[in-house]
Structure formats: C-alpha cells, structure tokens
Amino acid sequence: MWVTADGHIRQELRADGRYDEARGSRRSAYTGRYTVTGHHIDYVDDTGFTATGDIRDGVLFHEHLVLHREDRA
C-alpha cells in the first residue's frame, strides 16, 4: 500500500497488475491496471484515463503526488 503523508490518498498496487486508489472516505475512487518497466509505472484507469509514475529511493512519484510505503505493524 502506498499512501500520501496526510493519509488522504491510498494506492494499492496488486500483484495481478490492477490498482485501487482511495481518496479520503471514497473507496475505490480510481481503479484500473498498471505495468512496471524498471522503476517506471504506466497506469490505465478503467475509464481510459492514463497516468504515469516513478519509484525513486523508495518513494512513488505519481503525477503530482508523492506516496510512501505504508508501514504494516
């Protein structure tokens, strides 16, 4: 699970190539598929919208968002 510092946006990148992004109390605000090439991620939302991201130094830079891995206790 990747999450913004304020916890408002949570993005799950599943092993089956699907993603699920929650925004605030809105679960599954965005869903779709993703592919990874090296450190680069290409997203295609179920509505056809596309986005990109890069993982650098353990941080996911997804368009204008900065997400960190959520610690699981």
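**Close-up views of a predicted model**

**View 1. The largest pocket and its lining.** The largest pocket in this predicted model has a volume of about 200 Å³. Its lining is made up of Tyr19, Glu21, Arg23, Tyr30, Tyr43, Asp45, Phe49, Ala51, His62, Glu63, His64 and Leu65. Sorted by class, these lining residues are six nonpolar, two polar and four charged. Strand E3 (18-23) and strand E5 (40-45) each give at least two residues to the lining. The largest share, three residues, comes from E3.

**View 2. An aromatic pair between tyrosine 19 and tyrosine 43.** Here we zoom in on two tyrosines from the pocket lining. The structure holds one aromatic pair, and tyrosine 19 and tyrosine 43 are its partners, meeting edge-to-face with 5.2 Å centre to centre and 90° between the planes. The pair links distant parts of the chain, with tyrosine 19 in strand E3 and tyrosine 43 in strand E5, 24 residues apart. Tyrosine 19 counts as buried because its relative accessible area, 5%, is under 20%. Tyrosine 43 is buried too, with a relative accessible area of 2%.

**View 3. A charge over a ring: arginine 56 and phenylalanine 61.** In this view, arginine 56 lies over the face of phenylalanine 61. The distance from the ring centre is 4.1 Å.

**View 4. Alanine 22 and its neighbours in space.** Look for alanine 22 in strand E3. This alanine is buried, as its relative accessible area is 16%. Setting aside residues up to four places away in sequence, alanine 22 touches His8, Ile9, Arg10, Arg27, Ser28 and Ala29. For a sense of distance, take glycine 7: alanine 22 and glycine 7 are 15 residues apart in sequence, and 9.9 Å lies between their C-alpha atoms.

**View 5. Threonine 52 and its contacts.** Threonine 52 sits in strand E6 (residues 50-56). With a relative accessibility of 32%, threonine 52 is partly exposed, because this value falls between the 20% limit for buried and the 50% limit for exposed. Beyond its neighbours within four places in sequence, threonine 52 is in contact with His40, Ile41, Asp42, Tyr43, Phe61, His62 and Glu63. Several of these may look familiar: Tyr43, His62 and Glu63 are also among the residues lining the largest pocket. Isoleucine 41 is 11 residues from threonine 52 along the chain, and their C-alpha atoms are separated by 5.6 Å.

Conventions
Residues numbered from 1 in each chain as written. Predicted model: local features only at pLDDT ≥ 70, side-chain atom pairs only at ≥ 80, totals over all residues. Heavy atoms only, no water. 1 Å grid on protein atoms, 1.4 Å probe; cavity = no way out; pocket = protein on both sides within 12 Å on 5 of 7 lines; lining within 4 Å. Points joined across faces, edges and corners; volume = space filled by probe spheres on them. Helix = DSSP H or I, 4+ residues; strand = E, 2+ residues; numbered from the N terminus. Nonpolar A, V, L, I, M, F, W, Y, C, P; charged D, E, K, R; others polar. Phe/Tyr/Trp six-rings, centres within 6.5 Å; stacked < 30°, edge-to-face > 60°. Buried < 20%, exposed > 50% of the residue type's maximum accessible area, 1.4 Å probe, protein only. Lys NZ or Arg CZ within 6 Å of the ring centre and 35° of its normal. Contact = heavy atoms within 4.5 Å.
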